[in-house]
Amino acid sequence: MTGTCFNIQRYSVHDGPGIRTTVFLKGCPLSCTWCHNPEGMSRELELIVVQDRCVGCGACVEVCPNPPVVDPGGRSVTDRRSCLRCGSCVDVCVAGARRLVGQPMTVEELLAEIERDRAFYEESGGGVTFSGGEPFEQHEFLLACLRVCRERGLHTAVDTSGYAPRDVILEAATLTDLFLYDLKLLDEARHRELVGVPLAPVLENLHALDEAGAEIWIRFPLIPGVTDSMDNVNALGRKVASLRTRRVHLLPFHRTAADKYARIERAWEHAGLEDVAEDRVKEAAEALGAMGLDVRIGG
Amino acid sequence: MTERVRLLRERSAGAEPSINAERARLITGFYRENDGAHATPVMRALAFRHLCENKTIFIDPDDLIVGERGPEPKATPTYPELTCHSIEDLRILDSREKTSYAVADDVIETYEREIIPFWKGRSLRDRMFGLLPEHWKDAYDAGIFTEFMEQRAPGHTVADGKLYETGMLDFKADIATALQRLGPEQGDAPERLGKEQPDAPEQADATEQAQSDARNPLGLSPRELREHRCEQLRAMDIVADAVIVFAERHATLAAEMAANESDAGRRDGLKLVSETCARVPAHAPRSFHEALQTYWFCHLAVITELNGWDAFNPGHLDQHLQPFYERGLADGSLTRERAKELLECFFIKFNNHLAPPKVGVTAAESGTYTDFANINIGGLKRDGSDGTSDVSFLILEVVDELHTLQPSQNVQVSRKMPDEFLREACRVVRKGYGYPSVFNADMVVEELLRQGKTVEDAREGGTSGCVETGAFGKEAYILTGYFNLPKVLELALNDGVDPRTGKRLGPSTGDAAGFESFDELVGAFGTQLHHFLEIKLWGNDIIERLYAEEMPAPFLSLITSDCIAHGLDYNEGGARYNTSYIQGVGIGTITDSLAAVRNHVFQYGAVAMGELTDALSRNFEGAEHLRALLLNRSPKWGNDDDQADELMKVVFDAFFRAVDGRPNVRGGEYHIDMLPTTCHIYFGSVTGATADGRRAGAPLSEGISPVQGADRKGPTAVLRSAGKMDQVRTGGTLLNMKFSPEALSEERDLDNLAGLIRGYFRLGGHHMQFNVVSAATLRDAQAHPESHRDLLVRVAGYSDYFCDISRELQDEIISRTEQGDTV
């Protein structure tokens with residue numbers, strides 16, 4: 001069995017306890033406008049171009065089969081609609097500015113990568129986090145990985161949007177140690193509009209997991225003008241307060257994702273958005289804290 | 001911080017570094033009058049006594065711990081009998097932009113009139129260069145290796161616990177016993193000594209062993225050997241008395257000052273100082289205060305006798321002080337606050353003592369004021385139990401509160417160290433002083449065991465200087481010089497000719513363009529490596545013998561086991577263990593260079609060898625495309641990539657095999673270290689462009705850290721790569737990590753930092769140290785030094801003021817990869 005990842009991040013310290021390796025599985029059914037891992041949305045291979053590294057040698061232009069990347073003034077630009085994702089340009093790029101992500105990997109290959117940092121997981125109480133994209137989009141691969149990790153005594157976490165078949169999520173609950181569960185907008189209509197999928201299954205799955213006794217940390221992205229209204233914050237607080245779990249992580253929006261959009265040469269509607277104000281974060285944290293929740297700022 | 005400490009700290013920080021000629025004048029006067037009148041050891045001892053009896057005594061009215069090497073804080077003496085500054089040297093020291101030492105006109109005058117005329121051609125350094133062969137000098141000039149002992153005496157050593165149990169009078173009794181044993185009726189036949197020890201049941205096993213093996217490193221006849229040992233013991237006896245005199249002079253001065261002091265607090269302090277100095281170090285200390293003062297007198301004695309490397313070092317200070325601390329608290333004579341104040345006074349003493357500046361071309365280069373005393377915290381006790389105590393916490397508090405340039409401190413992390421303590425240490429690391437550094441105490445023990453130490457001696461050992469392992473109080477472990485590994489590869493790529501000068505330095509190993517396999521290149525490298533290490537070892541033999549014969553260190557010998565029992569000096573193999581180290585530099589640069597060559601020349605054929613060497617010789621001029629390929633598309637050390645990491649092992653093994661276990665002239669063995677101090681800058685400046693894409697003259701990689709900026713997979717990947725080096729076969733490796741302050745801002749980041757440390761140590765790592773400062777702050781400090789005078793950064797095994805280090809080193813530190821959030 002194989003899966004596809006767009007990144008394997010070592011020394012990941014904001015996706016669960018301790019020092020972790022976060023595996024970013026490719027593909028997501030959601031279409032959050034603020035997504036900070038845009039290269040994880042599609043299941044397909046993705047060409048990543050770091051323009052800052054480009055030395056303008058033109059080798060990619062020469063080698064591109066169909067149709068060529070163009071090179072206006074020393075910097076290559078790829079026509080994404082017609083790019084075959086063949087990787088020819090990656091091979092000839094001496095600057096290391098081009099990368100192709102999303103090649104299939106077996107469970108064993110992925111576990112070999114994960115095992116590299118075992119000493120650090122064990123010494124820090126860390127482990128592996130499966131994130132995405134939406135990791136349940138590759139649920140067979142995910143469950144297989146979770147099973148092997150459990151056999152090998154590795155702590156695991158699954159970072160999910162909760163938008164996945166109920167039975168799969170509940171099966172994962174028997175194999176993983178922790179869910180990092182995203183809640184974004186608590187209004188059904190707004191959720192459909194900005195996240196692109198209905199809210200109801202997300203909440204139902206959350207209740208089901210909670211009832212099953214899973215360890216859950218709620219993750220709440222604070223996106224200016226999108227999720228950070230006090231109405232939304234309070235609604236989220238009320239929802240979580242009805243659960244067994246108490247822990248909420250506020251994830252303040254940051255603009256660093258702009259780089260990632262540039263790397264896949266895609267426009268981003270939030271490119272002009274400011275980082276969320278510290279006061280706003282504090283206000284939200286206090287409101288949630290007042291509802292008896294265990295609020296943390298950051299992942 | 002008490003008012004007393006605040007004042008002392010302020011005075012220490014504000015004292016102007018200067019060169020002081022008093023020691024040079026006293027030594028020169030003594031030699032002029034007495035040269036030839038005594039055997040060398042006794043001559044050295046009497047010269048030392050002359051200093052103790054006549055040097056200016058300084059006591060600050062607020063001092064609780066007393067004693068300065070010079071006539072006042074930061075007045076730095078010179079050692080013309082070893083190495084004599086020229087007038088030009090002195091003028092450069094006075095005027096250079098960074099780490100200058102003020103040189104008054106009368107110092108220049110004294111040097112011109114008395115010092116230089118007497119020592120020219122007579123100082124050890126002058127004679128040393130006369131004895132060294134031409135090919136040694138050629139390799140030295142080319143920057144293939146450096147030499148430690150041309151400027152400063154062997155030292156690098158550390159005190160153990162005996163100082164707190166043995167007064168000078170007790171040492172004298174031991175000497176008397178040893179002399180008695182050497183009596184004429186037995187001494188004529190030293191080979192019989194081992195069988196005849198009927199009257200010493202109180203002697204420890206090790207001492208008996210030492211007495212019996214009758215070492216003879218200089219190859220003397222039995223009669224000469226007995227006479228030589230008697231001379232050495234007499235010398236040690238003289239210096240024990242001399243230090244008592246030195247302490248008594250402090251007792252007298254303190255009493256006088258107390259009598260004239262109007263402030264009651266100061267008067268009480270001075271009286272206490274006077275009583276303390278009247279008691280120690282003649283007798284073993286009884287209190288926390290006496291223990292600190294005892295060490296400090298011994299420290300001063302070691303650094304007054306000679307200018308040995310790394311000054312001197314109290315080693316496991318917390319372990320040594322703990323019994324005094326507990327006793328004091330129990331009987332009410334000490335409080336935690338008072339202990340802290342005393343420790344702070346003690347720390348400030350280190351800060352008052354700067355490294356003695358060098359001579360010759362190096363005087364023009366910016367150096368450091370740091371003299372490398374490096375206090376060990378935590379670790380293991382002799383019985384294998386955890387050495388962490390409340391005194392350890394106290395020392396961390398002192399470090400944080402004072403954050404002075406000196407002394408350095410490190411935490412010896414064993415498996416047994418409580419997480420609570422490591423977390424507190426990480427909390428201080430986060431402050432960004434560059435210290436404490438952290439060491440793997442279990443690995444240090446393993447390294448020492450591999451070198452043949454007993455397990456108890458190994459546990460009492462630790463690390464000193466930058467990262468060097470030693471059996472504290474029982475070992476003369478001497479760093480002999482840095483060795484430029486990438487330069488040797490450069491010679492292998494150029495048939496033994498130095499492309500910088502066109503001079504043939506090594507054997508002809510063939511035109512690299514004709515190499516048909518990667519193994520051929522590795523073979524040529526191995527041949528060149530052996531050639532230059534043989535030259536280095538040859539030179540070392542000459543220099544070590546010179547020190548053994550002409551520059552004994554009777555005081556250091558007195559306090560180092562088993563010099564008394566052997567009747568031999570520290571510098572001639574008298575210590576229980578005698579190690580010489582050669583320190584490899586640039587392992588990251590050479591690994592990446594080999595990986596690039598193997599990858600692009602031999603595996604994929606992207607470039608021909610001749611084309612590559614051609615581009616290197618042109619410093620990549622017109623070959624930017626090739627340089628980009630080498631830089632960006634080659635396996636790199638520090639990324640947990642076996643393609644690169646296995647080549648590190650090839651180089652490491654070759655270096656290890658060529659050095660480890662070779663005999664030195666002191667009856668001990670050679671081992672390797674992997675540390676650069678700041679030598680990676682100098683070595684880089686003499687090394688042409690390298691196949692990893694580095695330009696000519698740029699710094700080499702430092703320690704066992706990856707090439708600056710080459711590690712792109714985060715800190716765990718760096719540590720995994722470093723963990724693939726079999727570090728137990730070294731006597732120390734140095735690994736730098738730089739973190740952005742944001743990456744350590746939260747409480748749980750401290751736990752993750754501790755997890756990184758524990759994880760690396762589990763993989764067999766020896767040492768880590770951290771810079772927690774942003775590149776932006778460092779750049780701002782370069783632009784506006786006036787507003788960053790107190791910015792401390794980690795350089796090598798020590799911290800230094802960022803504004804005091806050279807521009808090249810500043811740039812190098814900025815270019816180190818910053819670990820942090822890589823979301």
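How many residue pairs are in polar contact across the interface of chain A and chain B? The rule finds 12 such pairs, both residues of each being at pLDDT 80 or more, where a polar contact is a pair of N or O atoms within 3.5 Å, one of which, within protein, must be able to donate a hydrogen and the other to accept it, and residues adjacent in sequence count only if both atoms are side-chain atoms. This is a predicted model, in which local features need pLDDT of at least 70 and side-chain atom pairs count only at pLDDT 80 or more, while totals for chains, interfaces and linings use all residues. Residues are numbered from 1 along each chain as its sequence is written, chains are lettered from A and ligands numbered from 1 in the order in which they are written, and side-chain values use heavy atoms, with hydrogens and water left out.

On the side of chain A that touches chain B, β1 (2-12), α2 (88-92) and α4 (118-124) each supply at least two residues, helices (H or I, at least four residues) and strands (E, at least two) being DSSP runs numbered from the N terminus. The most comes from α4(A), with five residues. The contact, meaning heavy atoms within 4.5 Å, takes 26 residues from chain A and 28 residues from chain B. Between them the two chains bury about 2,500 Å², 49% of it on carbon and sulfur atoms; this buried area is the accessible area (1.4 Å probe) that two parts lose on being put together, summed over both. In chain A, Y11(A), V94(A) and F120(A) lose the most area to chain B, together 29% of what that side buries.

Four salt bridges are counted between chain A and chain B, each a side-chain nitrogen of Lys or Arg within 4 Å of a carboxyl oxygen of Asp or Glu. One of them joins E123(A) to R762(B), with the closest N and O atoms 3.3 Å apart.

Within chain B, K738(B) lies in strand β14 (residues 736-739). Although its side chain is that of a lysine, K738(B) counts as buried because its relative accessibility is 2%, the cut-offs being under 20% relative accessible area for buried, over 50% for exposed and partly exposed in between (1.4 Å probe, protein chains only). A polar atom of the K738(B) side chain lies 2.8 Å from the backbone oxygen of I814(B), and the side chain also reaches the backbone oxygen of R816(B) at 3.1 Å.
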